[in-house]
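Got your viewer open? Let's take a walk through this structure, one selection at a time.

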Amino acid sequence: MCGIVGYIGNQEAAPILLDGLTKLEYRGYDSAGLAVFDGENINIVKAKGRLQVLRELTGDGKALKGCIGIGHTRWATHGAPSVTNSHPHHNAKETIAVVHNGIIENYMKLKEKLIKKGYTFISETDTEVVAHLLDYYYNGNPVETIAKVMHRVEGSYALGIIFKDHPDKLYAVRKDSPLIVGVGEHENFIASDVPAILKYTRNVYFIENEEIVELSKKDVHFYNSDVEEIEKEMSEVKWDISAAEKSGYEHFMLKEIYEQPKALRDTISPRVKNGEIVIDELTMTEEDIKNIKKIFIVACGSAYHAGVNGKYVIEGAARIPVEVDLASEFRYRNPILEEGTLVIIISQSGETADSIAALREAKSRGIKVLGIVNVVGSTIARESDNVMYTWAGPEIAVATTKAYSTQLSALYLLAMYFGKVKGTLAKEEYSDMLKELMLLPDKVQTILGDKENIQFFANRYVGAKDVFFIGRGQDYAVSLEGSLKLKEISYIHSEAYAAGELKHGTISLIEEGTLVTAVLTNEELYKKTISNIVEVRTRGAFVLAVTNEDNILDKETADYVIYIPKTHKYFTSSLAVVPLQLFGYYVSVGRGCDVDKPRNLAKSVTVE
Ligand code: F6R
């Protein structure tokens, strides 16, 4: 959500800013802009729509001269997407320019105060308040000025700032919105995320809340909110630039679907040693684990769906009661968090505002938090008591695929580990599960080999109006994810229902030709779900079934069947989700939608 890039060095800034913003497109945006300092003036160019418009306006950046600049892609919150509302914003004299990711919650109060002092506003944004506030408090010392502004604004922000009076400096500050600093040779960068700068450097600093950064082309200095200089440790980004490029695939989403076998292997293998699950990063003792009385899994969107699945596995394998909550609900519902509770926060980005708030709510009540996070060094990773990284690598497509799959595998590992420690998993079952866990990547690969079958079916349904997904138990949990994948990228209305719940209202929506996708991978529930299939087919539904290869369904039972390899009953969702992802993907392609950047969505939801 909103992307920030900043550059200071010997090269022309604008092309580098545009390149960086392109790498951040996945975050979602509806307008974009650049501010480049040419040694005399700060020149600003902004455009509504895709980055291509900004490229055309600036001749690929060549029209904007100067070696210091800031760039921004805006996902509208306060004020409609428009040239005026897009960033950078500036003070009246155009001596200060600022880009912002986040929300200034007290902006109305600040705006009123500034208007009384004679300031004039031209946009509807909360960010313009920051530009004028910087002007109001400016005392010739940017770090002191930024600190003053920081003490006045409430909410979340990552800011990139240039001051005309300081032509050889670039400034940044953050609170609750992501920001990193990249360190190059005679050039330095700021960015919302690593892919924006990876072409230039692997050396990064992760900025903590309320830290101010002053960059020149040679140095980077950090200050706390009391304007005291602080030391920080540099990190090296281990993954490769190719991980953030399409590498010949038509879309990032397809590439990421295909990366799932590797992502699963990378997440599972390092945690299996000598036939045992070892989760080195957990600081919990066996005693701590035995004392867990209840687990809350808290997350948003697909990460929440992974949590719904995890509940079945943890309750089954470790016999610990699990409650799964949407982070946006958990944070405000005053949950009962008693001693012996563990809160698990699942997040790909580690920057989702509601998930961060849920984490802080739990911690403020003295509850231990375990984060299952993909982005190294993200806020959730840093603030959790324990972090289990999912090693999916960078995920660029807005619709998650490989990160979701690795979240499932992390939950399996945890469930089995807890089950072993608590003695609730029989030895034989533990080894059977372990064997199947290690085979999951290959089985996912097998399903990918059958993609034409799903593509063929998807092409028939590009015109669908409503699609229902049904299943029981974990098949219901994966149906939630299948339904979200389809609707978010193809804009076809879709719902997932626990199959047994259909009769209680939803079945009245079934008409002649309505597509119902039924997931039936749990042997104990085959018959029950087949009865539900019969019910919808009798009312005219066309049924696509996803089931295990040993559960042969005849034409009388389902209209079209996708068979997946057999695995342990707890892991079937990891296989069933693959055809559902491919189905969503191919329907979206068939409808000509922007698969990787669906409308109105952002990859990282950093505002509430
Ligand atoms: C859907 C999707 C979203 C995210 C959700 C949480 O495909 O990607 O529903 O799962 O926004 O994001 P993270 O995992 O970054 O907290």
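With which side chain does the side chain of threonine 547 make a polar contact? Select threonine 547 and look around: the partner is the side chain of asparagine 551, and the contact is 2.8 Å. One thing to keep in mind as you click along is that this is a predicted model.

**Stop 1: around threonine 547**

Now color the strand that runs from residue 542 to residue 548. That's β26, and threonine 547 is part of it. Is threonine 547 buried or exposed? Its relative accessibility is 0%, so it counts as buried, the cut-off for buried being under 20%.

**Stop 2: the ligand**

Next, select the ligand. Where does it sit? You'll find it in the second largest pocket. Show its surroundings and you get 14 residues, the closest being Ser347, Gln348, Ser349, Thr352 and Glu488. Sort that shell by class and you have five nonpolar, seven polar and two charged residues.

Time to zoom in on some oxygen atoms of the ligand:

- Pick serine 347: an N or O atom in its side chain is 2.6 Å from a ligand oxygen.
- Pick glutamine 348: here a polar backbone atom lies 2.6 Å from an oxygen of the ligand.
- Pick lysine 485: a polar atom of its side chain is 3.0 Å from a ligand oxygen.

How much of the ligand does the protein cover? On its own, the ligand has 410 Å² of accessible area, and the protein covers 89% of that.

Before you leave, color two helices, α9 (301-318) and α16 (474-490). Each of them supplies at least two residues of the shell around the ligand.

**Stop 3: isoleucine 16**

Jump to helix α1, residues 13-23, and select isoleucine 16 inside it. Buried or exposed? Isoleucine 16 counts as buried, because its relative accessibility is 6% and anything under 20% is called buried. Now add isoleucine 297 to your selection and draw a line from C-alpha to C-alpha. The two are 281 residues apart in sequence and 40 Å apart in space.

**Stop 4: the loop between β4 and β5**

Color β4 (68-74) and β5 (89-90), then select proline 88 in the loop between them. What kind of peptide bond joins histidine 87 and proline 88? It's a cis peptide bond, with omega at about 0°.

Stay in the loop between β4 and β5 and click on threonine 77, which is found there too. Threonine 77 has a relative accessible area of 36%, so it is partly exposed. Add lysine 402 for another C-alpha to C-alpha line: threonine 77 and lysine 402 are 29 Å apart in space, with their positions 325 residues apart in sequence.

**Stop 5: two positive phi angles**

Which loop holds aspartate 60? Look between α2 (51-58) and β4. Aspartate 60 isn't a glycine, yet its phi is positive, at about 60°. With a relative accessible area of 37%, aspartate 60 is partly exposed.

For the last click, go to valine 227, in the loop between β13 (220-223) and β14 (229-230). Valine 227 also isn't a glycine, and its phi is positive at about 60°. At 30% relative accessibility, valine 227 counts as partly exposed.

Definitions and conventions:
Residues numbered from 1 in each chain as written. Predicted model: local features only at pLDDT ≥ 70, side-chain atom pairs only at ≥ 80, totals over all residues. Heavy atoms only, no water. Near = heavy atom within 4 Å. Polar contact = N/O pair within 3.5 Å; in protein donor to acceptor, adjacent residues only side chain to side chain. Areas by Shrake-Rupley, 256 points an atom, 1.4 Å probe, with all protein chains shown as cover. 1 Å grid on protein atoms, 1.4 Å probe; cavity = no way out; pocket = protein on both sides within 12 Å on 5 of 7 lines; lining within 4 Å. Sits in = over half its atoms within 2 Å of the grid points. Helix = DSSP H or I, 4+ residues; strand = E, 2+ residues; numbered from the N terminus. Nonpolar A, V, L, I, M, F, W, Y, C, P; charged D, E, K, R; others polar. Buried < 20%, exposed > 50% of the residue type's maximum accessible area, 1.4 Å probe, protein only.
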